[in-house]
Amino acid sequence: MGVFAKEAEVSTPLPPAKAFKGFAVDLDTLMPKVAPQAIKSVELLQGDGGPGTIKKNTFAEGYGFTYAKHRVDVLDKDNSLYTYVVIESDFFNNVVEKISYETKFVAAADGGTSIKITTTFYTIGDIQITPDLMLQIKEASEKLALVLKAIENYVLANPDF
């Protein structure tokens, strides 16, 4: 199995508790609400939302792929840590076995949050990450960033969130 990891750090003006709530705890209800052009629905397949839960995201028509199933591994409010693994998707194209995401929410000096994301791609067998797959990963990451920006805007516009 080939392994490729990438790290990213993004900032949001949201305080850590709201960032964690919006980008982890309530992510599944907010995505289709604020970004229906990207996420058609999120379906709970197994569990209660905590560790071990399996969910299916169905993407909007024209998004580039149609679905992704993921398993929640960690949803730790006390340590502001959210970890999940995409275990099935038509994005995988018989190349990727799974993708894990570890997201840590850290208070920033300005009152906002620094969000540190480690994404690890596991390929099937000895398949290597190709430039074409890297481009697909980049495009998928850019689409996800737009969805997350829509969530941020929603939370900012709704102070009681």
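What follows is a walk through the nonpolar core of this model, one buried residue in a strand, and the packing of two helices. The model is predicted, so local features need pLDDT of at least 70 and side-chain atom pairs count only at pLDDT 80 or more, while totals for chains, interfaces and linings use all residues. Residues are numbered from 1 along each chain as its sequence is written, and side-chain values use heavy atoms, with hydrogens and water left out.

The largest nonpolar core (buried Ala, Val, Leu, Ile, Met, Phe, Trp, Tyr and Cys residues joined through side-chain atoms within 4.5 Å) has 37 residues, of which Tyr82, Ile99, Phe105 and Ile151 touch the most other members. Among the elements that each supply at least two residues of this core are helix H1 (16-25), strand E6 (96-107) and helix H3 (131-157), where helices (H or I, at least four residues) and strands (E, at least two) are DSSP runs numbered from the N terminus. H3 gives the most to this core, with seven residues.

Strand E6 also holds Ser100, which counts as buried because its relative accessibility is 15%, buried meaning under 20% relative accessible area, exposed over 50% and partly exposed in between, with a 1.4 Å probe and protein chains only. Leaving out residues up to four places away in sequence, Ser100 touches Tyr84, Val85, Thr118, Thr119, Thr120 and Tyr122.

Beyond its neighbours within four places in sequence, Ile151 is in contact (heavy atoms within 4.5 Å) with Gly22, Phe23, Leu27, Leu30, Met31 and Val34.
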